[in-house]
Amino acid sequence: MNQMSDKKIFEVPLYAYQRSPDQDAATPARRKVVIIGAGPVGLAAAIDFAQQGIEAVVLDDNDKVSFGSRAICFAKRPLEILGRLGCGHEMVEKGVEWEVGKVFFDDRQVYEFNLLPEKGHEFPAFINLQQYYFEEYLVNRVRAMQETGAPIEIRGRNKVLRVADKGDHVNLLIDTPEGEYPLEADWLIACDGAGSPTRAMMGLDFVGRVFEDNFLIADVIMEADFPTERWFWFDPPFNKGQSALLHKQPDGVWRIDLQLGWDIDKEEEKKPENVIPRLKQMLGDDVKFELEWVSIYTFQCRRMEKFRHGRVVFAGDAAHQVSPFGARGANSGLQDTDNLAWKLKLIMDGTAPESLLDSYDIERVHGADENILNSSRSTDFITPKSEMSRLLRDAVLDLSEAYDFARPLVNSGRLSVPCTYDGSPLNAPDALAGGPARTRPGAPCVDAPLGDGFLLKKLGDRFTLLTIGADAPEALDVDGIALDRLALEPTEAVAARYLGDATSAVYLIRPDQHVAARWPSYDEAAMRAAVARAIGKE
Amino acid sequence: MSDLILTPNIPGADDFYAELLATHEGLTKADSDALNARLVLVLANHIGDRAVLSAALQAAALRKEDAA
Ligand SMILES: Cc1cc2nc3c(=O)[nH]c(=O)nc-3n(C[C@H](O)[C@H](O)[C@H](O)COP(=O)(O)OP(=O)(O)OC[C@H]3O[C@@H](n4cnc5c(N)ncnc54)[C@H](O)[C@@H]3O)c2cc1C
């Protein structure tokens, strides 16, 4: 719903339909990677593939950015991934940064917190940005890559009707405004959202938990002097027995979440004559606001049992869905494709065995489970399901006003942090005695300032041999993987993040910037074995 | 193995019990329930040790298999 007069970005086609030569091919055209869905995850996947020189075609049944009030909060790790994909800074420049949060219970503020982000990172801990800007900047990046001849394409109003895995390729049938056409793909990446038609076409499961609750999500435009903070209310006077959230976005847009309960008439609640009085109660009578849009959601936490099915790989909401408390949906979807692109590239090049893809399943199912666990727990705290659970929840909130100790128990959403792939078959055992836990094998590298920039930017998207106070060759070739050495000075930040109690270290870093192995010093045999392991050859 | 103490450990047990009752005196059932919930959380934080807390939760549940 939209009451604005001038056209907003979500009303104009971003990737209008254009006839593709593939629609006139005598025999079905074959593309290297076909991606279904031009949401945040499909677009990021396409950019990642194309950046590595792999042809990527994105099909979307729509031609605009996604509709409805959706993601607003993007965390550091996805911003770092976008940095690698060449559009992280656009997001940060437009986005709103915030550090302070306030928690209210009933009619009073119970406490205030500051995220106190660690210094020495290229990207902030969080930004708030409308999903439509997020998608627009990804599309801009695609356009810029096209101008330099990168093999990437978005086909708007291309609706996938049929998908069939043929063992060594996938057949697709696509509907367009000018009729249907067939297409073949070496690999198909399904990023077609929580309702994934691909999943349904393949008869695959999607099991989990539905939370019996409805949330009114309203984006309102107002000139108000609320500070740039996250305000969360438990049981406020203006929404008795329920919860509420107020969070700032760019352009004077504010996100408001109001819990409505289970037994409601969704169509009625969505009508402006019902929404506006509710918001007035919350914001006060004299605050002037306009509705940008309003949607009502029921949240679910569920995932597919396996994300890879032959030549079809699922990513993003198509593979797993979480409630939005903690901002884990798009954030974790970007980590899916970050994990997938380099693996598929090595498999397509013949450098790694196809079984490397099994590790995509293992690592990202682990990530999805972590997100589902966290977001289920937040939802259980925010919307207690029994009398006792409400009693304990209220006790935590009352105590949090008086004593610090109770504040860590307050759960209004645990904000998205990246997943460490503990126990992944690609990791070598941790051999760095005294090394920091946060950079153990499986962990995403922690950014650090270098004299002339930042660590993650230097790592890029290839395997790296990282040394700190240790000798090693400048380059090494292991079974077609070319490792370049990056030698770091043990500055304070580098030492704290990569040495800990050790005096020197050698790290093997994967193309997705996760640690594969680490030792106190360089040993060629150990390095070769770790590389083989990290590409699924062990 | 946890160190949960399940043998008498409160000096002046009667005094403590009387103080517990006194704290609840005059409260409605709802307020008493809330106080108990807060008390559990205060005590749990004081203990802190996750293994002891798990053992305490099990002990309080009075499940047959834990009694052995
Ligand atoms: C209220 C709300 C708040 C949220 N807040 C956050 C947040 O703060 N942070 C966060 O990280 N996440 C948040 N999320 C989640 C986030 O919006 C999703 O995780 C994200 O959009 C998933 O991206 P996706 O690319 O996987 O799927 P989608 O964005 O759903 O994109 C799927 C695409 O596939 C296309 N498609 C579907 N079927 C076909 C077909 N047959 N043929 C061709 N194309 C097809 C669709 O048109 C669509 O463009 C929120 C969600 C909601 C609802």
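Between domain 1 and domain 2 of chain A, in this predicted model, there are 4 residue pairs in polar contact, both residues of each pair having pLDDT 80 or more. The elements that give two or more residues to the side of domain 1 that touches domain 2 are helix H2 (76-85), helix H8 (329-348) and helix H9 (356-382) of chain A, and among these H8(A) gives the most, with 5 residues. By class, that side of domain 1 has 3 nonpolar, 5 polar and 6 charged residues. The count of salt bridges between the two domains is 2, and in a salt bridge the side chains of A:Glu363 and A:Arg510 meet at 2.8 Å, N to O.

The domain assignment places residues 21-94 + 124-206 + 302-369 of chain A in domain 1 and residues 437-534 in domain 2, and the C-alpha centres of these domains lie 29 Å apart. The two domains bury about 1000 Å² between them, with carbon and sulfur atoms giving 52% of that area. On the side of domain 1, A:Arg77, A:Arg84 and A:Trp342 supply 49% of the area buried against domain 2, more than any other three residues.

The boundary between chain A and chain B can be described in similar terms. Here 8 residues of chain A are in contact with 7 residues of chain B, and the chains bury about 690 Å² between them, 87% of it on carbon and sulfur atoms. A:Leu391, A:Leu399 and A:Phe405 lose the most area to chain B, together 60% of what the side of chain A buries. That side has 7 nonpolar, no polar and 1 charged residues, and the count of salt bridges between the chains is 0.

Methods
Residues are numbered from 1 along each chain as its sequence is written. Chains are lettered from A and ligands numbered from 1 in the order in which they are written. This is a predicted model: local features need pLDDT of at least 70, side-chain atom pairs count only at pLDDT 80 or more; totals for chains, interfaces and linings use all residues. Side-chain values use heavy atoms; hydrogens and water are left out. Contact means heavy atoms within 4.5 Å. Buried area is the accessible area (1.4 Å probe) that two parts lose on being put together, summed over both. A salt bridge is a side-chain nitrogen of Lys or Arg within 4 Å of a carboxyl oxygen of Asp or Glu. Ala, Val, Leu, Ile, Met, Phe, Trp, Tyr, Cys and Pro count as nonpolar, Asp, Glu, Lys and Arg as charged, and the others, Gly among them, as polar. Domain bounds come from an automatic or database domain assignment. A polar contact is a pair of N or O atoms within 3.5 Å; within protein, one must be able to donate a hydrogen and the other to accept it, and residues adjacent in sequence count only if both atoms are side-chain atoms. Helices (H or I, at least four residues) and strands (E, at least two) are DSSP runs, numbered from the N terminus.
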